[in-house]
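User: I have a model open and would like to go through it piece by piece. Can you take me through some residues and helices as I ask about them?
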Amino acid sequence: MVKKFFAEFIGTFVLVLFACGTAVVAGCNTASADVAYLLTALAFGLVIVAMAYSIGNVSGCHINPAVSLGVLLTGGMSIKEFIVYIVAQFAGATAGAAVLGALTGDFTKLGQNGLFEGDMIKSLVIEIILTCVFVLVILGVTSKKKYEKCAGLIIGLTLTLVHIFGIHFTGTSVNPARSFGPAIFAGGDALSSLWVFIVAPLVGGALAAGIYTLVIKAKEAE
């Protein structure tokens, strides 16, 4: 369990430092899909690929509370494991944001998320859909042994796709821990709207678990 904790801590730390860091240093602007926008989307996907093939054999490389919730609800982990993973993920994201701020010297720009057009409902819907798709792919691909060797690549590419579409709207969270770390340092609007980027991904993860159980898993059992 201790190894799993540190694996999830390291993975989420790297996700925030490198992926959110890329958004910061590249100057990603959600209003225009330029090179920086695409680099940011790619960075998130590449981090998942890198971590999947390094810590995946230890913890499964969730590095995302929404993913852990989906795995929990489909019977892939215990409540005890879930709690350990959540603590590790939030701690890792916080540490990653702290290091990023220290390196850039600016804690107001850490790749934090924001409401789309200031609209809470639209942002909730967007994040629920994005997270549901992402977690559904993870549950599907990791349940099949034939995808075992390429699962990390598939998941990384899916996260890239989710970011290419979602950055324009909310900066793309799909991960409560990823949103939490930058927001608690940046403060302001990022902190006041943080609950959206915690609740929506968790709802999306739970929805994905339901779809997987009722549709995909049921079909495979026939």
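User: Where is Leu130 found?

Analyst: Leu130 is found in helix H6; please keep in mind that this is a predicted model.

User: Is Leu130 buried or exposed?

Analyst: Leu130 counts as buried, because its relative accessibility is 6%, and the cut-off for that class is under 20% relative accessible area.

User: Which residues is Leu130 in contact with, leaving aside neighbours within four places in sequence?

Analyst: With those neighbours left aside, Leu130 is in contact with Val162, Phe165, Gly166, Thr172 and Val174. Looking further along the chain, Leu130 and Pro201 are 71 residues apart in sequence, while their C-alpha atoms are 8.1 Å apart in space.

User: Thr172 is on that contact list, so where does Thr172 lie, and what is its phi?

Analyst: Thr172 lies in the loop between H7 and H8, and its phi is near 60°, a positive value in a residue other than glycine. Thr172 is also buried, with a relative accessible area of 0%.

User: What about Ile63, where is that and what is its phi?

Analyst: Ile63 lies in the loop between helix H3 (56-59) and H4, and although Ile63 is not a glycine, it has a positive phi of about 40°. Ile63 is buried as well, with a relative accessible area of 1%.

User: Which residues touch the most other members of the largest nonpolar core?

Analyst: That core has 46 residues, and those that touch the most other members are Met51, Ile63 and Phe134. The elements that give two or more residues to this core are helix H1 (2-26), helix H2 (35-52), helix H4 (65-73), helix H5 (79-104), H6, helix H7 (151-170) and H10.

User: Which of them gives the largest share?

Analyst: H6 does, with eight residues of this core.

User: And what does Phe134 touch?

Analyst: Not counting residues up to four places away in sequence, Phe134 touches Asn64, Val67, Ile155, Thr158, Leu159, Val162 and Val174.

User: Switching to the surface, which residues make the nonpolar patch?

Analyst: The patch, of about 670 Å², is made by Met120, Ile121, Val125, Ile129, Val133, Trp195, Val199 and Val203. Helix H6 (120-142) and helix H10 (194-221) each supply at least two of its residues, and the largest share, five residues, comes from H6.

User: How exposed is Ile129?

Analyst: Ile129 lies in helix H6 and is partly exposed, with a relative accessible area of 49%.

User: Now helix H8: why is it described as largely enclosed by the rest of the structure?

Analyst: Helix H8 (residues 176-186) is largely enclosed because eight of its eleven residues are buried. The buried ones are Pro176, Ala177, Arg178, Ser179, Gly181, Pro182, Ala183 and Ala186.

User: What caps the N-terminal end of H8, and what comes just after H8?

Analyst: Asn175 caps the N-terminal end, with a side-chain oxygen lying 3.0 Å from the backbone nitrogen of Ala177. Just after H8, Gly187 takes a positive phi of about 65°.

User: Last one, Glu81: buried or exposed, and in contact with what?

Analyst: Glu81, which is found in helix H5, is buried, with a relative accessible area of 16%. Leaving aside neighbours within four places in sequence, Glu81 is in contact with Met1 and Lys4.

Definitions and conventions:
Residues numbered from 1 in each chain as written. Predicted model: local features only at pLDDT ≥ 70, side-chain atom pairs only at ≥ 80, totals over all residues. Heavy atoms only, no water. Patch = residues over 30% accessible without salt bridge, like charges linked within 9 Å, V, L, I, M, F, W, Y side chains within 5 Å. Areas by Shrake-Rupley, 256 points an atom, 1.4 Å probe, with all protein chains shown as cover. Salt bridge = Lys/Arg side-chain N within 4 Å of Asp/Glu carboxyl O. Helix = DSSP H or I, 4+ residues; strand = E, 2+ residues; numbered from the N terminus. Buried < 20%, exposed > 50% of the residue type's maximum accessible area, 1.4 Å probe, protein only. Core = buried A, V, L, I, M, F, W, Y, C linked by side-chain atoms within 4.5 Å. Contact = heavy atoms within 4.5 Å. Polar contact = N/O pair within 3.5 Å; in protein donor to acceptor, adjacent residues only side chain to side chain.
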